[in-house]
Amino acid sequence: MRKAVIAGSGAGASVMAVTLAEAGWHVVLLEKGPNYFTGLGKHWPPKTVFSNDNLKALRNFEQPDPEAYPRTFRTSAAQKSGYYVGDVNNLSVAVGGGTIHYGAAMPRFWDIDFKQRSMLGPVDGADVQDWPFEYADLEPLYDHLERAVGVQGDMAAMPHDPVLKHAPRKRDYPMRSGPQKRASIVVSAGAKALGLHPYPFPSAINSEPYNGRPACNNCGFCNAYGCPTSARGSALDLLHRALLTGRVEIRPETMVYGVEMKGRKAKGLRWIDQHGRRGVEHGDIVILAASGIESARIALMSKLPDPHHRIGKRLMFHYFTSGFGVFLDQRMHAYKTWGVETACMEDFSDPDFTGARAFAKAQGLPYIRGGLCEMGGSQEVIPEAQFYQFILAAIQPQQPFGRAFKELMRTSLLRERLVGIQMVGHDLPYLSNNITLDPKVRDQFGLPVPRITYAPGKHENVAQEFYIPLLTAILVASGANAAAAVPANTALLGESGTIPATRHILGGMQMGTNEKTSVVNQWGRMHHTDNVYVADGGVFTTSGAQNPTLTIMAVALRMARHLAGTGHSHAS
Ligand SMILES: Cc1cc2nc3c(=O)[nH]c(=O)nc-3n(C[C@H](O)[C@H](O)[C@H](O)COP(=O)(O)OP(=O)(O)OC[C@H]3O[C@@H](n4cnc5c(N)ncnc54)[C@H](O)[C@@H]3O)c2cc1C
Ligand code: SF4
């Protein structure tokens, strides 16, 4: 029996595990974080320890503790010191990875995302390349995963132009769309009044009982929280199936820190557990699926062969832009219901959106792309309270709590009356945005932490400039009394610049056919090795303009079927 050893148990890892195990492989997943699910592989749905608890989430229940596992951040290689140290775009560290508390937005990428260089052309200063396959290759895999994980949606409500034109689909979603929240309805109406095309957000959230899990009860503590009822579809659906084969083992609290190599061949993955014990798990192949930044970190710590210095390069995050509208005369309770937001809109992902080409040309760019817009978000309780306390501390430092504070919480300007639109800003790949090992800072095991170098380029800034007035216009057309849009993460502006916190981590272990300009081949194998594979967001060649997890899973499925010999194509 062939054996695969996988670092991680998140989106990409779960697809690899179930596909290989069902094809008869023995699979061991080494997972850095804890297992919060009792009975996974025995009872379904498993029992969880999640609850509707804002404090738990803020205290890093599912996140890596930035004290134990910091990252460092700078905006350019020219910055030699004074880096930010802490949480830089951390994803959940636990069995199931980022999918245990994601917003579960599951749109597909477009045809132009996979063939961006040939369909849209090069961009000066950026390293735009094509993926080694096209949308049509992924279409049946998207369809398979929408059923395996359980995605709700409504094909009839999706606009042909621009969505179905660029991401055609043969079948409808396996579940109908659930109820829309008030804020999404209001903002979508504003968008429609401007001739735009919002539609129900495809989401891995049960609108009805599905896959043995209950329908969502709209508890509202969804995006960034573990689901207490298991109504959310995730990597767990696939891990459970993988465990049922009897050929899979998940080892939580076991961090991979290296690949043991002999020449071009990997012998296994080196691990360290919470007690500091170290070991090597041997296998026929090893798969790095620890997420974009962490897989690159493992590859760099292992000094894996990289003659053209491509490991860690072309990191992409999505440059989110946010619009806010204040509705003084009505309570919008946008913080309630499931997922991120219940409606989305993809008009701004289109390089041919009215006026976008001309604006780009005037700024010396061939095109600009904004991104998918999440329609109708809001603020959560504790961050709202923290914000009021911050304001009160500035204007009446002697009493930042008390009557004024209570009055603000009751009026709830931020949660009840503020409604947001988030644009998932398309990032171009730049060689200057990358992951290296920090020369000084170490994690709790004394291992070098990832140093992130990232800044938006001209494309991202120009796209933002073009779309900010349009985001504001949608909110005004929705009836907001006041509206504005700002670059996302502005509130996190630190000494080193805007600290990335978009939680979409793509690139660093890029896929491509050219060994000189990419890290892995079209099947995920690192070019200069015989048997080291990468199966997470790191392999992305372009960032797309949509939430990436369904595509991370679809790309992993393509690799896994090839490895298992169950795919349509067997080219190596
Ligand atoms: C609050 C939040 C909301 C989000 N909402 C959405 C959304 O609505 N839609 C969407 O598409 N995406 C969303 N995302 C992003 C989504 O979670 C990621 O795109 C996705 O999980 C990435 O998949 P991956 O396989 O690359 O990595 P992950 O799913 O993160 O899996 C990596 C796994 O590796 C483990 N690991 C890390 N380092 C090591 C190591 N050294 N050794 C062993 N194990 C290791 C991690 O613990 C984790 O289990 C959201 C993320 C967050 C944080
Ligand atoms: S809103 Fe629904 S899917 Fe989200 S956490 Fe609550 S019950 Fe789970």
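Reader: Which residues come nearest to ligand 2?
Author: Cys 216, Cys 219, Cys 222, Cys 227 and Trp 338, of the 14 residues around ligand 2. A residue is near a molecule if its C-beta atom, placed from the backbone, lies within 6 Å of it. This is a predicted model: local features need pLDDT of at least 70, side-chain atom pairs count only at pLDDT 80 or more, and totals for chains, interfaces and linings use all residues. Residues are numbered from 1 along each chain as its sequence is written, while chains are lettered from A and ligands numbered from 1 in the order in which they are written.

Reader: How does the ligand 2 shell divide?
Author: Into 9 nonpolar, 4 polar and 1 charged. Ala, Val, Leu, Ile, Met, Phe, Trp, Tyr, Cys and Pro count as nonpolar, Asp, Glu, Lys and Arg as charged, the others, Gly among them, as polar.

Reader: And which residues come nearest to ligand 1?
Author: Gly 8, Gly 10, Gly 97, Gly 98 and Gly 103, out of 41 around the ligand. That shell has 18 nonpolar, 18 polar and 5 charged residues.

Reader: Which element gives the largest share there?
Author: α9, with 3 residues. Helices (H or I, at least four residues) and strands (E, at least two) are DSSP runs, numbered from the N terminus.

Reader: Switching to strands. What is the order in the open sheet?
Author: β9-β10-β11, with antiparallel pairing. Strands pair if DSSP finds at least two bridges between them. The edge strands are β9 and β11.

Reader: How many bridges join β9 and β10?
Author: 8. β10 and β11 pair over 5.
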